[in-house]
Amino acid sequence: MVDSAGRISLGGFRYHAGRWLALEPVEVVSRDGLVELHHNGVLIATHVRRHPPEKDPMVMRRRGRPARAPKESVVVTRKVDNSGSVSFAGANYRAGNAYRAKQVQVSVVGDSVQISCEGKLVRTHAVRHDPNKEHGAFANPGGRPRRINAA
């Protein structure tokens, strides 16, 4: 995942991908002394490898998670904010300005996050959140509870 400054961290070193890819997933290939960054199957950057070669297998195992198999998914309800996005498992996913202040259903199916409203599929995004945070997102299927003590 590219950070907000347009870089990735690999083996304790940072490699530039580009700010235009902020918070987007990239595929990292390290071979022949080079680090290649791919986005949607397109080579976007090539750097000379600065991290020690012995760190390659550990890093590549962490980055190269196998794709999740599609399965029946739990659906959670979220409210679209003023910018047209919903928050799920610590990441924002765009629903669209037409859905501002409406409730939408969010589900994870395979390697995609699907957003639907009133039974109609609105958007599909590649998973950008940490899968370890899904448990917390599914634990509150109705979203954050309302504050009772609001003054």
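**Figure 1. E118 in the loop between β10 and β11.** In this close-up, E118 sits in the loop that links β10 (112-117) and β11 (120-126). This is a predicted model. Have a look at the backbone here: the phi of E118 is positive, about 55°, even though E118 is not a glycine. Is E118 buried or exposed? E118 counts as exposed because its relative accessibility is 74%, and the cut-off for exposed is over 50%.

**Figure 2. The strands on either side of that loop, β10 and β11.** These two strands run antiparallel, and six bridges join them. If you want one pair to look for, pick I115: its bridge partner in β11 is R123.

**Figure 3. The open sheet β6-β9-β10-β11.** Step back a little and you'll find β10 and β11 in an open sheet of four strands, in the order β6-β9-β10-β11, with antiparallel pairing. Which strands stand at the edges? They're β6 (75-79) and β11; each has a single partner strand, so one side of each is left without a neighbour in the sheet. On average, neighbouring strands of this sheet are turned by 30° against each other, ignoring direction.

**Figure 4. D32 in the loop between β3 and β4.** Here's another loop, the one between β3 (27-31) and β4 (34-39), and D32 is found in it. D32 isn't a glycine, yet its phi is positive, near 50°. D32 counts as exposed because its relative accessibility is 75%, with the cut-off at over 50%.

**Figure 5. R50 over the ring of Y15.** R50 lies over the face of Y15, 4.7 Å from the ring centre. What about aromatic pairs? Searching the whole structure turns up zero of them.

How values were computed. Residues numbered from 1 in each chain as written. Predicted model: local features only at pLDDT ≥ 70, side-chain atom pairs only at ≥ 80, totals over all residues. Heavy atoms only, no water. Phe/Tyr/Trp six-rings, centres within 6.5 Å; stacked < 30°, edge-to-face > 60°. Lys NZ or Arg CZ within 6 Å of the ring centre and 35° of its normal. Buried < 20%, exposed > 50% of the residue type's maximum accessible area, 1.4 Å probe, protein only. Pairing = 2+ DSSP bridges. Axes fitted to C-alpha atoms, helices over the stretch in contact; angles between N-to-C directions.
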